[in-house]
Amino acid sequence: MTEPLSFELSRPAVDPPRLPDADVTGPSPSDVLPSEALRSRPPGLPRLSEPEIMRHYSRMASLNYSISENFYPLGSCTMKYNPVLNEAAAALPGFAGLHPYQDEDSVQGALELMWRLERALCAIVGVDRVTLQPAAGAHGEWTALRMIAAFHRSRKDDRTEVLVPDSAHGTNPASAALSGFHVVEVKSGADGRISLADLESKLSPHTAALMLTNPNTLGLFEREILDIAEMVHATGAMLYYDGANLNAFMGICRPGDMGFDAVHMNLHKTFTTPHGGGGPGAGPVGVKAELVPFLPAPTVERTNGHLVLDHKRPQSIGRVRSFYGNFGMLVRAYTYILAMGGDGLSQASQDAVLSANYLRKLVETDLEMPHAGPCMHEFVASAHNLHENGVRALDVAKALLDRQFYAPTVYFPLVVPEAIMVEPTETESKATLDSFAQAIKEIVAQARTDPQALHDEPKNLPVGRLDEVTAARRINAYLQGQSEDPVLRWKAPSANPPEEAC
Amino acid sequence: MLETLGVRSMNDLLVDIPQSLRLESLQLPNGLSEFETMAQVAALAGRNRVFADRLTFRGGGVYRRFIPAAVAAVTSKPEFYTAYTPYQAEASQGTLQAIFEYQTLIAELTGLDVSNASLYDGATAVAEAAMMAHVHNGRNEVLVSGYVHPEYVQVLRAFGDGRGIKVRKDGEPNKKTAAVIFQQPDFLGLLTDPRALTAAAHDVGALAIACVDPISLAILAPPGEYGADIAVGEGQQLGLAPSFGGPHVGFIACDKELVRKLPGRLVGTAHDAQGRRGFVLALAAREQHIRREKATSNICTNHSLCALAAAVYLTYMGPYGLRQVAEVSFKRAHNLAQRLAALPGWEPAFPERQFLNEFPVRVPKAPAVLRKLARKGILGGLDVSRWFRELKGVVTFTCTEVNDAGALDELVEALAS
């Protein structure tokens, strides 16, 4: 079952919704504006009644897998349950109705929330200050690198390179490059952890920072983190923490204590703000004292119990987003932290680690485990053992979809062939983990007996595997002017005349 | 579970963490019941002052608009808000199709070929567009023309710093200029001459980047009509609450020549073996998870749920509903502008310039006037002198369809008293 596009459902006979009249005297745009300033024909928006719109979107919603209905073990994405209380909190008129340019006196509650959230995040990751401005994890990474660049520049220290492990998220090298740095890759050793020898050989007086995730993307804790920090700091470089994997150790240890100077956090992973089908998220960055002068402006400051926005920060890297960040997401994350408390957050991380290790154990003989455990909050398996049957990680992923599970992250990290990266999170029951393991066992058994059946999956979803190669070819043809079909948007069949002029 | 793992305690699973790093506990209070949590959060919300929609005349990039109930009814469906970036297309067709419809709506509105799946906000959209121009023609300077939102320019500068791109305010474009960036209507609400600005950019081989108000496009010529290469803007007015500035949504659309340089996600159509149409993430080779340090941008996710809200809003309004909203706002703002100009000492700041529904007025003792309005429950206009020294005493007022005729009377009476 698929759903037509709103544009295909559109009916010219549908009246526009009833809206207020102006009820005052005044000109119309065409009375006062020159005709060349005006739109020549109305935009081609669809025309549907409200019941048609609601049915259209309800049908579309039913085509999605989501945490609300499915186990979603997408490695590195921390797809845990999003408490509905968070939504109620963010919708309070006292938050949702605030204009960002109201006087500070009239938004003391909002500033207080930001202040308290900052303090809580400082306590959780072990830093001195936090900026809440970045809108997403990648945005936070880039913000941190801008601060690190400003720090070195303030000391007239010309550092041009950022070191990134080969197992890192793609956003790390991209953020470094967009911050003006040359990216140098550091290799992982056979045990899946960063190679100290390779790190040693890459560190130089040109190194501005090492970007590291700990536990790394293989779900393994970098045991030698204290040595790594010492090596990095000895060269005058800074240590940056990619907070994608923060869910592994809240209350167990802190990046600040490990020696990290800048730490980004994903509120949409660890702190349960919903992923929204791909945003909005929030990517606050915590820093140690040395980097505080470079924080984006404004910061929230408290003086005599009164909260103010401090825009006068001469060494600041400037502003990375309009206003104060994704405030609605900050409300959700603060609500979650308040409800969980220090005890609840610690328990959450312990449960996440337990779930991952338990699930890893259940499937360790079905898939290859390229690295020894224990793991932290996620593990990376490999479908390389199914290669002889012609079955790949992608086939396993699609077969899981047919069994009502969202698929783990596949083909990442790049250092593991046929990678299947599983992050169960603490909010899943043992029964769910057991049933997922059972599905993996069935799929692996099927790979041995009937691999073709796996190539044909998914069969139970609205569409089967989509031919992305042909789609890319069609896009190329459009972009090169060889085709009228834009592929990236709907376009009215040319038989339909355009709507009448304004 | 520990038994299955053959370990005695959690500590056996945490052996890789050096003992010196282990914490006893977090320095945070213990957890609360739902009831207590909500009481505390609601107490914070209660310490904020919320002005009635109808008595809010402040804009400056965030506006009060009528939001149809359909928007929240759709965005609060957990199938949408608890899903993630649609990596597995077959199990994410709802999100993918919604983004595809959003892309088409933005392309229609801006009159350009292709829109991406959304960006964080208007400010980062401006910055990303400038980066596209820099990559496209290899030039290292962007020219910001006129009163572009000051915070957008600040974000542009921060982005530019990282890539060695200079941001110049005003003056003429030249052969070093990667792009001319202008806002229509500008930050003060005034109409610029986008045709002339676009032509000036093209004359020196620069791109024209139009930062536009989406509702205005129901009335004004869209960027595609006057030849701008990239259109960007803030989509908050399309069904999103002010929320103290976010989350909102940035949009970006461009000419097809520039599509390969677009940042962020793009959704396109594809077909399965049975010939059924579906939707997939397209042109991923531009993106960070494939290209790493050579990606067009580091953006990973977008603001999907906000883009969904915008799509529902635009579909609900349709072409004529949107025009009605824009025209009502226009008429009321012009009515108000005339009445404010009649107040003693008040005068239009730029009487020769046209506007839509936001306009600058020179106000005697502006801070005191705004404080007086606040005491009467009215969120008056925005004092823009905090950003522009030359605009001392200039306040921009905004009217939309939520400021009814009675609200306009209340504002004028409060000012006259």
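**Sheets, salt bridges and a shared interface in a two-chain model**

Glu418(A) is buried, with a relative accessible area of just 12%. In this predicted model, that residue is a handy place to start, since its carboxylate is spoken for: the side chains of Arg392(A) and Glu418(A) come together in a salt bridge, at 2.7 Å from N to O. Arg392(A) belongs to the loop between strand 10 and helix 13 (393-402) of chain A, while Glu418(A) belongs to the loop between strand 11 and strand 12 of that chain, so the pair ties together parts that are 26 residues apart in sequence. The arginine end is partly exposed, as Arg392(A) has 40% relative accessibility.

Glu418(A) also turns up on the contact list of Ser382(A), along with Leu367(A), Glu368(A), Pro370(A), Val416(A) and Pro417(A), once neighbours within four places in sequence are set aside. Ser382(A) sits in strand 10 of chain A and is buried, at a relative accessible area of 2%. Its side chain gets to the backbone oxygen of Pro417(A) at 2.8 Å, and the Ser382(A) side chain also reaches the backbone nitrogen of His384(A), at 3.0 Å.

Strand 10 is part of an open, antiparallel sheet of three strands in chain A, ordered 10-12-11. The edges go to strand 10 (379-382) and strand 11 (409-410); each has a single partner strand, so one side of each is left without a neighbour in the sheet. Between strand 10 and strand 12 (residues 419-422) of chain A there are four bridges, in the antiparallel sense, and here Val380(A) stands opposite Met421(A).

Chain B has a sheet too, with seven strands. This one is open and mixed in its pairing, and the strand order is 1-7-6-5-4-2-3. Strand 1 (114-115) and strand 3 (166-169) of chain B take the edges, and with a single partner strand apiece, each has one side left without a neighbour in the sheet. Strand 2 (residues 141-145) of chain B runs parallel to strand 3 of chain B, and the two pair over four bridges; Leu143(B) has Arg168(B) as its bridge partner in strand 3.

Further along chain B comes a hairpin made by strand 8 and strand 9, with five residues between them, and Gly275(B) in the turn shows a positive phi of about 80 degrees. Five bridges hold strand 8 to strand 9 (residues 277-281) of chain B, the two running antiparallel. Thr269(B) finds its bridge partner in Phe279(B) of strand 9. Strand 8 (residues 267-271) of chain B is mostly covered, with four of its five residues buried.

Phe279(B) leads across to the other chain. Leaving aside neighbours within four places in sequence, Leu5(A) is in contact with Phe279(B), and also with His56(A), Trp490(A), Gln97(B), Phe100(B), Glu101(B) and Arg277(B). Leu5(A) comes from the segment before helix 1 (6-9) of chain A and is buried, with a relative accessible area of 1%. Within chain A, the C-alpha atoms of Leu5(A) and Pro46(A) are 9.4 Å apart, with 41 residues separating the two along the chain.

As for the interface overall, chain A and chain B bury about 15800 Å² between them, 63% of it on carbon and sulfur atoms. Glu90(B), Phe244(B) and Arg292(B) lose the most area on the chain B side, yet together these account for 6% of what that side buries. The contact draws in 193 residues from chain A and 172 residues from chain B. Polar contacts link 81 residue pairs across the interface, counting those with both residues at pLDDT 80 or more. On the chain B side, helix 11 (residues 304-341) gives the most, with 25 residues, and the side as a whole splits into 92 nonpolar, 47 polar and 33 charged residues. Salt bridges between the two chains number eight; one of them joins the side chains of Arg489(A) and Glu108(B) at 2.9 Å, N to O.

Over all chains the salt bridge count comes to 40. One of these, at 2.5 Å from N to O, pairs the side chains of Arg339(B) and Asp409(B). The two are 70 residues apart, with Arg339(B) in helix 11 and Asp409(B) in helix 13 (residues 405-416) of chain B. Arg339(B) is partly exposed at 27% relative accessible area, and Asp409(B) is partly exposed at 31%.

Methods: Residues numbered from 1 in each chain as written. Chains lettered and ligands numbered in written order. Heavy atoms only, no water. Buried < 20%, exposed > 50% of the residue type's maximum accessible area, 1.4 Å probe, protein only. Contact = heavy atoms within 4.5 Å. Pairing = 2+ DSSP bridges. Buried area = accessible area lost by both parts, 1.4 Å probe. Salt bridge = Lys/Arg side-chain N within 4 Å of Asp/Glu carboxyl O. Polar contact = N/O pair within 3.5 Å; in protein donor to acceptor, adjacent residues only side chain to side chain. Nonpolar A, V, L, I, M, F, W, Y, C, P; charged D, E, K, R; others polar.
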